[in-house]
Amino acid sequence: MDTTCTHCHTPDPTGSTLCVHCTTRLTGQLQQLPRMYEALAGHLSPGSGSGQGRSSKGGPAPLPLRVDVLDLRGEFEAVSGWLSAVHDARHLRAPRLAGDALTRLHTAVTGLLAHMPWIVIWPYAHDLATEIGDLHRSAATIVDPDPRPRGRRIGHCQSIDTSGTICGAVLRLAPGETVVRCDWCSMAWPPATWVQLRAWQAENASAA
Ligand SMILES: [Zn+2]
Ligand SMILES: [Zn+2]
């Protein structure tokens, strides 16, 4: 039976909900969340960081804090929510999530990472990966603004369709991502494939 990853839809022979690459990316994103949460604190006042404060022209007095950053920090509570959901699904006692927001975040991340071997076969793993991916991306746009928002060019896509035609679309590594994804044919190129990708690109460039 052919199985595909429910998150990136690439074939996954293991039959898990998440393929190895999506699992690796999710793990990496989770590990970066506490650092990002802390870094966001430095962007809370208007005019700090690269963001724009609110204009006070014709409106109420400028807000003392950037509400978008404040809201985004609040969204990190979702990580704790996911750990509670995992505990619930596994019929475990509710996780002990105490302390300040950063401490709870550390606890939630550690817990989710510990449950990862089970999460990859959980039907809700795709939703978890989507939400963590969105959170990571939102935080990255504030704490790690990429000067090249369209991402780094990684040459041309070398996936071959059923008729034997090479895709050839320009590949870009999106900010905050570790897997290159082709916008045209949706082929995923995780880092482990880049050496081969480069070899194929060179081969096809010299053949052209
Ligand atoms: Zn996947
Ligand atoms: Zn492609």
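Donors here are N, O and S atoms within 2.8 Å of the metal (3.2 Å for Na, K and Ca), and since water is not among the atoms, sites may look incomplete. One thing to keep in mind: this is a predicted model, where local features need pLDDT of at least 70, side-chain atom pairs count only at pLDDT 80 or more, and totals for chains, interfaces and linings use all residues. Residues are numbered from 1 along each chain as its sequence is written, ligands are numbered from 1 in the order in which they are written, and side-chain values use heavy atoms, with hydrogens and water left out.

**Exercise 1. Work out the spacing and geometry of the site around the zinc ion (ligand 1).**

Step 1: list the ligating atoms. They are the SG atoms of Cys5, Cys8, Cys19 and Cys22, at 2.2 to 2.4 Å.

Step 2: read the spacing off the sequence. You get C-x2-C-x10-C-x2-C. Within this set, Cys8 and Cys22 link distant parts of the chain, 14 residues apart: Cys8 is in the segment before α1, Cys22 in helix α1. (Helices are DSSP runs of H or I with at least four residues, strands are runs of E with at least two, and both are numbered from the N terminus.)

Step 3: check the angles. They run from 105 to 114°, so the arrangement is tetrahedral; for four donors that label needs all angles between 85 and 135 degrees.

Step 4: look at accessibility. Both Cys8 and Cys22 are buried, where buried means under 20% relative accessible area, exposed over 50%, and partly exposed in between (1.4 Å probe, protein chains only).

**Exercise 2. Do the same for the zinc ion (ligand 2), and find out whether Cys185 is buried or partly exposed.**

Step 1: the protein donors are the SG atoms of Cys157, Cys167, Cys182 and Cys185, lying 2.3 Å from the ion.

Step 2: angles of 105 to 116° make this site tetrahedral.

Step 3: the spacing along the chain is C-x9-C-x14-C-x2-C. Cys157, in the loop between β1 (152–156) and β2 (170–173), pairs up with Cys185, in the loop between β3 (180–181) and β4 (188–189), 28 residues along.

Step 4: Cys157 counts as buried because its relative accessibility is 0%. Cys185 comes out at 29%, so it's partly exposed.

**Exercise 3. Describe helix α6 and what covers its buried residues.**

Step 1: get the span. Residues 125–143 make 19 residues, and the helix reaches 26 Å from first C-alpha to last, close to the 27 Å expected. That expectation is 1.5 Å times one less than the number of residues.

Step 2: pick out the buried positions. Among them are Leu128, Ile132, Leu135, Ala139 and Val143.

Step 3: find the cover. It includes α1 (20–41), α2 (67–75), α3 (77–89) and α5 (116–119).

Step 4: zoom in on Leu40, which sits in helix α1. Leu40 touches Ala139, Ile142 and Val143, and its other contacts include Val69 and Phe76; contact means heavy atoms within 4.5 Å. At a relative accessible area of 0%, Leu40 is buried.

**Exercise 4. Which residues touch the most other members of the largest nonpolar core?**

Step 1: set the rule. A nonpolar core is a set of buried Ala, Val, Leu, Ile, Met, Phe, Trp, Tyr and Cys residues joined through side-chain atoms within 4.5 Å.

Step 2: the winners among the 38 residues are Leu30, Phe76 and Val79.

Step 3: ask who contributes. α6 gives the largest share, nine residues.

Step 4: trace Val79. Its contacts include Leu30, Leu105, Ile132 and Leu135.

Definitions and conventions. Four donors count as tetrahedral if all angles lie between 85 and 135 degrees; four count as square planar and six as octahedral if opposite donors are over 155 degrees apart and all others between 65 and 115; anything else is irregular. Lists of a residue's contacts leave out its neighbours within four places in sequence.
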